[in-house]
Amino acid sequence: MATVSIDPNEDATSPDIRKAKDALLALNEELLEKITAIPSDTPIVMADGKTLSGDDVRRLWDKVKFVVTTKSFGPGYGGSFDYASGTSYIRADTVTGWDLFPSGGEFITLHELIHSCDHGEAVRQAMWTKYYNENKDKPDYAAKYRDTAEFSEVEEYCYFGARAIMRQLGIADFEGTFDHGYEYGDLDV
Ligand SMILES: [Zn+2]
């Protein structure tokens, strides 16, 4: 089971923080039950043809740590995933925003699970390396990364994988749209 905690720098009694934490705990419970039921050897196919088995998804879900925060990660970012520690620093308004929509909470939490897997991390590293090599001599290249096709590619990879897992779990497809195709919490109703 994933873990859910509150950023120690936050006021844990804040209603927005509480609401986000409770939403994540409820999603955690729902997803755990469904993930537990995936057959061990069922391959779930990612955007690049790599696969995750039911056992892989269980192992990954056990390791993901959600930390609810209100910290800003820059315009358009709903959070930040730290691969080394398996930690999803996720903004409270990202959680509550997505959770307003049918399948939205499941979609965003499983998106984070894809960031936590080797396949997602390989895409992130490949895209960052490509971008870095082509742009490292330009001013503010790091700050501009979010608006690039490379960044979008990583996010789309995670959304594709999340959708594939949801289908395996019998969760209805998320039907919302995004302003830029990838931003967290940036939804049109
Ligand atoms: Zn992401």
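## Asp99 and its surroundings

Leaving aside residues up to four places away in sequence, Asp99 touches Ala23, Gly104 and Gly105. The structure in which these contacts are found is a predicted model, and every value in this report should be read with that in mind. Asp99 has its place in helix α3, and it counts as buried because 22 C-beta neighbours lie inside 10 Å, where 20 or more are needed. Although Asp99 and Leu24 are 75 residues apart in sequence, their C-alpha atoms are 9.1 Å apart in space.

Asp99 shares its buried state with other residues of helix α3, which is mostly covered, with six of its eight residues buried. These buried residues are Ala92, Thr94, Val95, Thr96, Trp98 and Asp99. What covers them includes helix α1, the strands β4, β5 (79-82) and β6, and helix α4 (104-115).

## How α1 meets α3

Two packed helices are described by the angle between their axes and the distance between the axes. Helix α1 (residues 15-36) and helix α3 (residues 92-99) have axes that come within 8 Å and cross at roughly 55°. The angle is neither under 35 degrees nor in the range from 65 to 115, and therefore α1 is oblique to α3. In passing α3, α1 makes a left-handed crossing.

On the side of α1, the contact is made by Asp16, Ile17, Lys19, Ala20, Ala23 and Leu24, while α3 contributes Ala92, Val95, Thr96 and Asp99. Sorted by class, the residues of this contact comprise six nonpolar, one polar and three charged.

## The four-stranded sheet

Strands of a sheet pair through backbone hydrogen bonds, either parallel or antiparallel. In this model, four strands form an open sheet in the order β1-β4-β6-β5, and the pairing is mixed. The edge strands are β1 and β5, each of which pairs on one side only, and from one strand to the next the twist averages 20°.

Following the order of the sheet, strand β1 (residues 3-6) runs parallel to β4 and is joined to it by four bridges. Ser5 lies in β1, and its bridge partner in β4 is Val67. The C-alpha atoms of Ser5 and Val67 are separated by 4.9 Å, although the two residues are 62 residues apart along the chain. Ser5 counts as partly exposed because it has 13 C-beta neighbours inside 10 Å, a number that lies between the limit of 12 or fewer for exposed and that of 20 or more for buried.

Strand β4 (residues 65-69) is mostly covered, since four of its five residues are buried. Strand β4 also pairs with strand β6 (residues 87-91), in the parallel sense and over five bridges, and here the bridge partner of Phe66 is Ser88 in β6. The antiparallel part of the sheet is found between β5 and β6, which are joined by four bridges, with Phe81 standing opposite Ser88 in β6.

## Helices on the sheet

How do the helices lie with respect to these strands? Helix α3 packs on the sheet, where it touches β4, β5 and β6, and its direction makes about 75° with that of β6. Helix α1 lies across β1 and β4, and runs at about 175° to β1.

## How α4 meets α7

A second pair of helices consists of α4 and helix α7 (residues 149-169), which pack at an angle of about 115° with their axes 8 Å apart. The crossing of α4 and α7 is right-handed.

From α4, the residues that make the contact are Glu106, Phe107, Leu110, His111, Ile114 and His115, and from α7 they are Tyr157, Cys158, Tyr159, Gly161, Ala162, Ile165 and Met166. By class, this contact of α4 with α7 has nine nonpolar, three polar and one charged residues.

## An exposed residue: Thr177

Thr177 is found in strand β7 (residues 177-178). Is Thr177 buried or exposed? Thr177 counts as exposed because it has 10 C-beta neighbours inside 10 Å, and 12 or fewer place a residue in that class. Thr177 and Ser88 are 89 residues apart along the chain, and their C-alpha atoms are separated by 22 Å.

Note on methods. Residues numbered from 1 in each chain as written. Predicted model: local features only at pLDDT ≥ 70, side-chain atom pairs only at ≥ 80, totals over all residues. Axes fitted to C-alpha atoms, helices over the stretch in contact; angles between N-to-C directions. Helix = DSSP H or I, 4+ residues; strand = E, 2+ residues; numbered from the N terminus. Parallel < 35°, antiparallel > 145°, perpendicular 65-115°, else oblique. Left-handed = near helix turned anticlockwise from the far one by under 90°. Contact = placed C-beta atoms within 7 Å. Nonpolar A, V, L, I, M, F, W, Y, C, P; charged D, E, K, R; others polar. Pairing = 2+ DSSP bridges.
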